[in-house]
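Biologist: Please take one part of this model and go through it closely. I would like to know how its strands are put together.

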Amino acid sequence: MRVLVAEDEKDLALLISKKLKREGYSVDCVFDGGEAVDYLEMADYDCILLDIMMPVYDGLEVLSRIRNKGVTSPVIFLTAKDTVEDKITGLDSGANDYIVKPFSFDELLARIRANTRQNTNQTSVYKVCDLTLDTAKHRVIRAGREISLSAKEYQLLKYLMKNEGVVLSRDNIENHIWNFDYEGGTNVVDVYIRYLRQKIDEGFDKKLIKTVRGVGYKIGE
């Protein structure tokens with residue numbers, strides 16, 4: 001999943017970002033509300049972690065602006081403002097959750113999982129032909145054989161399976177799986193598609209990952 005961290009305490013923002021990346025998330029990190037609005041206009045995020053007291057626009061203003069533009073991604077406030085009134089204001093403004101600093105990173109991960117699960121309202125199991133991806137168990141199985149994937153391979157396969165039959169452009173895939181700071185090659189999507197094919201399709205008569213020439217990729221029978 002792709003997460004935006006908007007936090008003006010740079011050390012904390014970078015620490016959160018680093019830990020989320022270790023958990024397999026794609027993360028963009030900004031340090032003021034103006035940057036947050038700009039990033040949210042350029043990309044779709046599965047979850048937004050938003051400080052309230054930030055320069056340019058505070059978190060409440062950022063939330064108001066993005067909700068007015070139709071952004072429905074779950075927003076979790078991360079803030080030192082800890083009174084009951086502060087929490088009520090934050091939640092009533094359209095936030096999905098509210099965490100007071102300091103907080104446990106394990107709790108933050110649990111809150112992200114809970115809020116994104118509520119947002120998607122989908123099953124934890126995706127199935128295409130004899131290929132199954134179980135997000136609850138973090139397992140991928142084809143024809144009874146468990147397949148080991150790297151974090152990025154897993155994210156890419158999940159994105160393809162969630163959009164079964166839909167042709168996804170390279171730009172669409174790259175913007176969803178990788179963050180704006182990525183400095184790899186321009187053919188990164190093609191490289192990871194090749195990795196996935198070697199693990200998912202090699203040795204099977206029926207190939208599931210398909211190239212739509214000049215457009216992108218899709219998965220389906």
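Modeller: Strand β1 (residues 2–6) and strand β3 run parallel and are joined by 4 bridges. Strands here are DSSP runs of E with at least two residues, helices are runs of H or I with at least four, and both are numbered from the N terminus; two strands pair if DSSP finds at least two bridges between them. This is a predicted model, in which local features need pLDDT of at least 70, side-chain atom pairs count only at pLDDT 80 or more, and totals for chains, interfaces and linings use all residues. Residues are numbered from 1 along each chain as its sequence is written, and side-chain values use heavy atoms, with hydrogens and water left out.

Within the pairing of β1 and β3, Leu4 stands opposite Ile48 in β3. β3 also pairs with strand β4 (residues 75–79), in the parallel sense, over 3 bridges. There, Ile48 stands opposite Val75 of β4. From β3 the chain passes through helix α3 (residues 59–68) to reach β4, a β-α-β crossover that is right-handed: with the strands pointing away from the viewer, the path from the first strand over the helix to the second runs clockwise.

β3 itself spans residues 47–50, and both of its faces are covered. Cys47 and Leu49 lie on one side, Ile48 and Leu50 on the other, and all are buried. Buried means under 20% relative accessible area, against over 50% for exposed and partly exposed in between, with a 1.4 Å probe and protein chains only.
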